[in-house]
Amino acid sequence: MERMLNIALPKGRLGDKVYKMFEAAGFPCPEILETNRKLTFENPEAGVRYFWVKPSDVPVYVERGAADIGVAGKDILMEYQPDVYELLDLKTGKCRMISAAPDGYRDDPQRTLRVATKYAGIARRYYASTGREIDIIHLNGSIEIAPILGLSDVIVDITETGTTLRENDLRIIDTLAEISARLIANRSAFRFRQEMIERVMKGLSAQAEVET
Ligand code: PRP
């Protein structure tokens, strides 16, 4: 029998949603919803083994082949630029990558811009493309606080509903990218497990249409 397809899912709210898409696509593994500490689950009949990993680690597992396929946000893929195939836009987990500053902020192009972000690579490339000199302040969360406390001039972060920006009196300056969850595949797995991966892709693409 063919070995099971290893699938890395991002642990958290997005992962739960995405698992349900796999389930509806014909690759169920109901045990996954019953526990919250176990990290791997398999359904030999459906030919799949799922595991939960930290969202930003999904590309690491897939790039190195520990997972054949996985689901990662476009933000994570833009930041780490892993050497994987991006197969499908799952059209869920939609948000935007933006730059923002406190209400009333006036930029002084003569000064180095202080940018607080979790996405140092994205911010660096974006400001390089605009020719702006910046100083990256790398934070791991609650980015919106940085300009309020004068730690940075602006932030680069994702926004979904806009509530966090609004409640912290920040205003969007620019949209850097539209983000959503993507199905990715290890390059050699895609070659050797093509038939199975294409079956998964086909099922998920029908589900992605439901999302839009
Ligand atoms: C994300 C993001 C924003 C917030 C945006 O943070 O970094 O802070 O969600 O969502 P909204 O536009 O719907 O308000 P997350 O909840 O992942 O936590 P973090 O502060 O640890 O990054």
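In this report, helices and strands are DSSP runs numbered from the N terminus, with at least four residues for a helix and at least two for a strand. The model you are looking at is a predicted one.

**Around the ligand**

With those elements in mind, start at the ligand. Strand 9 gives the largest share of the shell around the ligand, with 3 residues. Strand 9 spans 154-159, and both strand 9 and helix 6 (163-167) supply at least two shell residues each. If you would like to pick out the shell by eye, look for K118, G141, S142, E144, D157, I158, T159, E160, T161, G162, T163 and T164. Sorted by class, the shell has 7 polar, 4 charged and 1 nonpolar residues.

Which residues place polar atoms beside the ligand's oxygen atoms? The table lists E160, T161 and G162, each with a polar atom and its distance to an oxygen atom of the ligand.

| Residue | Polar atom | Distance to a ligand oxygen atom |
|---|---|---|
| E160 | backbone | 2.8 Å |
| T161 | side chain | 2.5 Å |
| G162 | backbone | 2.8 Å |

On its own, the ligand has 500 Å² of accessible area, and the protein covers 64% of that.

**The largest pocket**

Where does the ligand sit? The space it takes is the largest pocket. This pocket holds about 1,000 Å³ of space. Its lining comprises 40 residues, and those nearest the centre are P55, D75, K118, Y119 and I158. Several elements give two or more residues to this lining: helix 1 (13-24), strand 4 (69-73), helix 3 (74-80), strand 9 and helix 6. K118 and I158 are worth finding in your viewer, as they belong to the residues around the ligand and are also among those nearest the centre of the largest pocket. By class, the lining of the largest pocket contains 15 nonpolar, 14 polar and 11 charged residues.

**The second largest pocket**

There is another pocket to visit. The second largest pocket has a volume of about 200 Å³. It is lined by 14 residues, with D107, L113, Y127, R132 and I173 closest to its centre. Strand 6 (95-102), helix 4 (120-130) and strand 10 (170-179) are the elements that contribute two or more residues to this lining. The lining of the second largest pocket divides into 7 nonpolar, 5 charged and 2 polar residues.

Note on methods: Residues are numbered from 1 along each chain as its sequence is written. This is a predicted model: local features need pLDDT of at least 70, side-chain atom pairs count only at pLDDT 80 or more; totals for chains, interfaces and linings use all residues. Side-chain values use heavy atoms; hydrogens and water are left out. A residue is near a molecule or strand if one of its heavy atoms lies within 4 Å of it. A polar contact is a pair of N or O atoms within 3.5 Å; within protein, one must be able to donate a hydrogen and the other to accept it, and residues adjacent in sequence count only if both atoms are side-chain atoms. Accessible areas come from the Shrake-Rupley method with a 1.4 Å probe; for residues, only the protein chains shown count as cover. On a 1 Å grid over the protein atoms alone, a cavity is a set of points where a 1.4 Å probe fits but cannot get out, and a pocket is an open set with protein on both sides within 12 Å along at least five of seven lines; lining residues have an atom within 4 Å of a point. A molecule sits in a cavity or pocket if more than half of its atoms lie within 2 Å of its grid points. Ala, Val, Leu, Ile, Met, Phe, Trp, Tyr, Cys and Pro count as nonpolar, Asp, Glu, Lys and Arg as charged, and the others, Gly among them, as polar. Grid points are joined across faces, edges and corners, and a volume is the space filled by probe spheres set on the points.
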